Structures are given as structure tokens and as C-alpha cells.
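Good morning, colleagues. Please have the sequence and the model before you while I speak about strand pairing.

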Amino acid sequence: MTDITEDTARHLIWVATSYGGPTGIGTISHVVSHQLSGTAQTVLADKWVRSLAIRGKMMAIGTYEGLYMYDLESGRIQLSASELNVSKLLTDASGNIWAFCDNHGVLIINGNTGRPLTNITLRIPNLLFWDVTINGHVIYAATSKGLKKFDVNRMQLVNTEMGPFLPDEEFFSCAADNKGQLWVANAHSLYRYNGSWSRIKDVNFEVDSWQSAIYEIFIDREGNTWLGSQEGLAYLSNQRRPFEKYYRSIHSSVKIQHAFSIFNDDNKAIYCGAANGLYQVHPDSRSIERIDSSSSNYLVTRLPDQEILVSNSKGCAIVRQQQLIPVGEVYPSLRALQPELLSSAVQYNDSVMVFGSQLHKGLYIWNTRARTLRVINGRNSKLRLDNDIINALYKDKKGQLWVLSEEQLFLLDPLTDSCTSFRFQRILFDMCETSNGYWIAAYGTGIIETDRQLRVRRIISAKEGLSNNGVYKIFPYRDSLIAVTSNNGLSVLDISGKRIRNYYQQDGLHSSGFEQFCGTRDKQSFYAGGVNGFTQVFPAYFSVNHQPPALYITRVNSETRNGILDTTDLQLSSIEIPNNVLQTTINFAALNFQHPESTTYSYRIAEQEGGWINLGSQHFLNFTGMQPGKYTLLLRAANEDGYWTPEPVRLTLIFLPKWYQTNWFKGMILLMIGGIFYALYRYRLAQLKKQVAIRTGIASDLHDDLGSTLNSVKVLTHLAKREPEQPEHLNQIENAITQAAAGLRDLIWVLDDAQDTIYELSERIRKFALPLTNAHHIQLECIITAESNDLPISKTQKRNLYLIAKEAINNSIKYADCDRIQVVLRQGNKSVSLRIEDNGKGFEMTSVQRGNGLRNIVQRAKQMNTHADIYSKPGEGTIIHIV
């Protein structure tokens, strides 16, 4: 992409590329919505488009081969100037288009007609236009041969105040802000012109390489300056920042490596005690001087007579004329402090000053009028300090002196040594006050808020939003803010709103690490330091960013067994996830230009119960093992002050099911299950029908056989009563009862499930037939042909085959006059056949009328879905075959 320009009338952004004509992107729809006409695309097909400008309905298109004018309404294109290498285009207030052409000069064209107005020829060899900007009636051009200035009204080149620059010095970029100031960049640095030239430099930035290649300067609507370079993107805010850090001198290589203590000498100078010496900082000139480098300095304070006292690892000294003089030589009454290492100091009144010891010696009370120095500690007073350690001294608005020890807080009168103690069971490092109470920095706990009687109201820790519980120095501001330093950032508590904002090195602090004793304050600001110097903090410039960040989904990445599917669409609202996905990653980004590193995110799934899930600064989500279905992902982002996007971004994720999770497959399974149940139902119904048929047959047999027999018994009984002298009636009754008992046993045998086999059927036939055949001297032969004697047969087969066999055997004995009967049972996979053959006299099939016995055989064969074949011939016996 070589250039972009905004078409406000059509709500478009036109983008020029090196491979074809410009493309229009809708500023509302955010999608490519406009292309050049077919004719224009043909004309520009082999042209490298370098620059664009729009005036009304005309768009100027600059290429290496000339300048073209394109009518945005009709789609017509015309060549306005040929054989010109058009590098930059610009539209002035009169609607004229200025074409800046490499190795030529400037061609000015009427923006409405496309006709040339004038030509400003610059006879400068190797002239290249890198950037142009308009500032009122003046146009500036950054070129390879200096900064050029053109008068818009007179349409001519005018002289430029070059200041410290050479006439043909190369400039890469230029821009004018809303205050009329000109910003330019050359090969070395960034400069600003507002009547005089000044170089822009970050004195605390170690590496200035980003300033050596600034190819684009952009001033936004709020007046902020954006710098695009090969090193990245730089942002210069037009608002006063609340932090002014001091680390490196602007005039020398002096650096404050690690600050331990700090003192502001009424804005004359700032004294900073560090690990590698004592420094004097001059804020106006931003110069830093090293006064001493012999030892580490832990306390810098001012004595009542304006002398500066320093306590370092070698003892206490007075700063005079950039020299350290032992304190005993200047103040004989302070000779006892000579070897002391002090942690804090407070001027109690105009004649008394109090010092706290780091060497477990308690407090030093210095009376400047009496010139006396005395020590009070747990050994000689009521001041029962924890190991005689003094962490801090604090003088409140009433003039009361507070002493902070390890776990106790003392209210001390240094004139009478009377004190009141308050135990907190926490390490107390510092305290301050507001109109309604006290605030105590407790290391490892956070901030303790108390009332005026030191009763604890609440404890504010990292859980409530502090950057860290390892807090050190604490500062109030106008009863509205409380600031506390820690070993990981600065936390600022809004007392009224009870909101906490955390600041770190990336927000402008010297670093995120502070030191225990390094802090002081003046009327408008406070100072705190640690690693890499210290920071002057201006609470009045703390501002609240009410603008929530714009949130976009930047990428959807689906990892499958076959590879990775990657989708990038800022307007994406729905996406299908393939069924072979292993993991789906949703990437998103929020535009927060003030503090992008402080942007936080949260999400939730609309279809799932629960609230928003906080992601912190994590700007992606991973989904694995999701069940098939449609999920609505809701995303939102918050800026550094907790202002969330008003409407969450929605993305519908459709996880496609695997083949066995699809509805059609589930439908098939349901149909199959339904079919199985229906088949079972039909089978059960068939079985019930069979049972009903068997029961009906049994009932019929009982009625026909047993019923008729019992009826005969009844008749014979009456005859026996009437004719008692006839014994044959009793014999007949006995035979009938015997026959009925046999039929009943046959019925019980048929109903016995344990005997539903081909073998049991054969044995039953044998038991029935053998007594009869033996009585008539007939040979009985029973043959079974089956894979196994235990193969089951149905009750219908069992009953009917048995009754057919009985009928056939009885007929052979009664009528055939035979001497041999053969019974053959055969069982295959799905059928049972019965063959009964005798060698009797037979009969003629056509001349003999079938009786009930033969008809019963045929009928019972039909009940088994089989066929009864009866064959007989005189002299050849009879064969009955059930198959």
C-alpha cells in the first residue's frame, strides 16, 4: 500500500497499491465496496500508483508514468500530465491539486476540471519528494534536497528559515498541527518549528535509533503526534503527563542507577541519594550532577538553618559547595550522629528536630537552641520500639509526631517523652492523613484506613486492586487521592469513587520498582524513586479516560488433523468450525492508544450460565472439546480506568457435528431402535398368537377327545346302573377312563417346555406305539435324523406331529394288516419332517373316501405351515410324509 485518502462525501477510504488501481473501503461497513470502472482499471493495469488526492467528484491518481484524473461519478479517466513521476498529491483550500513530481518540481491542477494551472520547475538534480503538508497558506515539502516552502496563494517557491539545517539536508517527513506548529524529521531526529527550531528528545530513553528513520508524521484530531519509523510506532501526547522521570542527564552521561532517598530543596534543586552516590538534579535544565560517589546515601534532608544533611553508609555529612563535610565539624552537638545511619527526619518545631535510626538505636532529639542531642529508646524511656527500629517519622496537620516501628505506631511528644502506642501486628512503613482520618502503608498488607482515633475502617490490598501489597511511601492529594508506592508500581486510590488505578514503567514512571525510604512531597507534586532514578508525580494531571476501547476479532484459527484453518475478517459475525477440529483459537484486539498495555478483556458464552469471565490482558481464547451446536461468544474490553465497551462483540460459533453426531444419524438410530422394538412387538404378538393357537388347539382337543370320552363314560355309567348284570359296561368305562388319562398325559407332555426337542418327540411316539405294535406282533422302527437330539421344536410342531403320528400308527394297526411300521423324523436348520410307512395291504387312493383321520392329518400339517403327502397302493403299503 502506497497511499490512502479519505472520501468524506462517499464515506470511503481509498487505498492505493502498487499492483493496480485504488480500492474504496467503506468507513461505515468496513468492507471493500468500491472499485474503479473497467476502463480505468484497464488504463492503470500496468501502472504503479504512488499517491491519491480527492477534490469533489474528481480523484487525482499519481503514478510513475504520469498524473490521471478519475471522475468518481461517471467512471471516466483522463491523463492530465504524462511522463511525470508523481510522488505526492495535496489539495489546497481553493480546490487546486498540487502534484509533487520527482526530478521535476510541482504541477498545480484545477481540481474541478483536471486542467493544469501552473508548473513550478525546480532544477535540482536527484530531487525526491518524501512528504508534504499544508499549514494555512503555506505548503511544506520534505525532500532529499532540503525542506521546501511554497506560497499557496502566489503558487511559487519561497525561502525557508532553515535554522540549524544545511540548505540541501534531507528531510523524510513533515506535518503541521492544529496550533500551526511544523514538525519535521531528518535522518537524525525530530524537530518542531513555532517561530524557532527545537529538537525533540526523550532524555530518559537509552536508545534514540527510532528517531533516525521517521518516515511519517501524523497529527490526529486531538493534537497528538504519531511517528512511524522503521523501529515501530511512537506516540506523543499533547496533554501534560502526570509523570516527569529523572534518570539520565541531558548534558552528560550521568545516570541515577538506583535511588534510595530524595529531597526537594524548594525547587532550587533536587537531591537524590542513590546506591552509587549523591546527585543534584536541576529540573529546569534537566541536568544531573554527581556530588559524591563514595557510598550509598539513604537520607537527604534539610536542617533548620537550611543546610542539607546526608546520611550514607559512611555516616552523616553536610553538603556545602558540592562537597560532603562530616556533620560533627559543622555541628559539634551532632557529633554523635557522625557514624549513624538514619532512616528519617522531621522538624518538630522551630528549635527541635527528630531523627530516626536504622541501627537499632531509637530516636535522636536535637534541640538547636540548647545545642543538645539526646537519645530515647526502649532502654531509657517509655518508647517501647520493636527492636528500636524506626521505619518512618510523620508530623500531622496538628503538629503531632508519629513514630512508625515494625508493628507499632507511637504518638510521641519529643519534649516530654510521653507517648501512646497503637499495635497493628503489621510492618508499618509510612503514613499520611486526610480530613477524616489516617492512611498507613503496611508492608505485605496494603493500605490501612483508620479514623482519627486509629480505629481501622478498612484494609485495601491487591485483592481490592492495588498493584502490590509490598507498599512503601504513601501520599495524599487534596482529600481526593491517595498514592502509594510499592515494589511493583504506583497505585492511586480515588477516595470518593473508591477506584484504584495502577501505573507502571510503561506509563511513564522511572521503573515499576520503588524503594522504602525514597519519597518526599511539595505543594504541587510528590517524588518517589527506586531502580533507574526517580519520578516527580503531578496528581493534578491524573486524568480519567472515559473512552472505552474499540474491540475487534482479528483472527479465528482452527487446528485440525489435516492442518490449520485461518480466518481474518474484522466484521466476522458467524463461523462454522469443522467437525475434525482439535482446538479453536479466537484472537481479538482493542484499540486503546493511551495505555494499550492496561487494556483488559472478559468474555462469556450466552448459552451457558454464569457471568463475565475476566481474562486480564490475555487477548485470545482457546476452545477444545466443544459439543456440536451453536454458541454465542460475547467479548468486551475495558481501558485503564475500567470503562468497558458499551456493547459486547458477538461471534456465533457453529461447531459442526461428526458423522455419528448428526441429526440424520441420530434419526437413523432412533428409527433402528423403533424398528427393533416394533420387530420385538411383532415377534411377541406372533408368539402370543401362536400360544393362542396352541391353546385353541388344546381346547379343541380337550373338547373333541377328552370331552367325548367323558361323555361316553357318562352314558356308560347310566347303562351300568340300569343294567348292573351287564359287566361289559364297566369294562367300557375303564377303557374310556384309560383313554382319557392317556390324552391328558399327552396334553401335559405337550405343555412341558423341557421336552420341546426332536428326541423327546421321538421317544414319546415310541412309548405310544411300542405297546400297541407289540400286542399285534408288528415291528416298530423309529429313526431320528438331526444334527443334535437337543435341537428345539415349537409346541405347534411338537403337538401336531405327535397327534399325526398317533393317527397314522393307529390306522396302520387297525386297517393295514401290516407287520412293520417305520417312523422317520428329520430336522434341518429351519424345518422338521415326519415320515410314517407301513408294509400293509394298502388301498386305492381314488376309490377310498378319506375319513376323519386322514382329514385331521392334512389339517394339522397346514397348522404347521407344512404339507401332508399320502401315498398308498394295494399290496404296497401306505406312506404318510409331512414335509
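**Strand pairing in two regions**

I begin with one residue pair: Ile219 has Thr225, in strand 22, as its bridge partner. Please note that this is a predicted model, in which local features need pLDDT of at least 70, side-chain atom pairs count only at pLDDT 80 or more, and totals for chains, interfaces and linings use all residues. Residues are numbered from 1 along each chain as its sequence is written, and side-chain values use heavy atoms, with hydrogens and water left out.

Strands here are DSSP runs of E with at least two residues, numbered from the N terminus, and two strands pair if DSSP finds at least two bridges between them.

Strand 21, residues 214-219, pairs with strand 22 in the antiparallel sense, over five bridges. The two form a hairpin with five residues between them, and Gly223 in that turn has a positive phi of about 85°.

On to the next partner: strand 22 also pairs with strand 23, residues 232-236, antiparallel and again over five bridges. Two residues make the hairpin connection from strand 22 to strand 23, and Gly228 has Leu233 of strand 23 as its bridge partner.

How many residues of strand 22 are buried? Four of the five, within residues 225-229, are buried, meaning under 20% relative accessible area with a 1.4 Å probe, protein chains only.

I turn now to another sheet. Four strands form an open antiparallel sheet in the order 9-10-11-12. Its edge strands, each pairing on one side only, are strand 9 (86-91) and strand 12 (116-121). Strand 11, residues 105-110, runs antiparallel to strand 12, joined by five bridges; Gly105 has Thr121 of strand 12 as its bridge partner.

Methods. Buried < 20%, exposed > 50% of the residue type's maximum accessible area, 1.4 Å probe, protein only.
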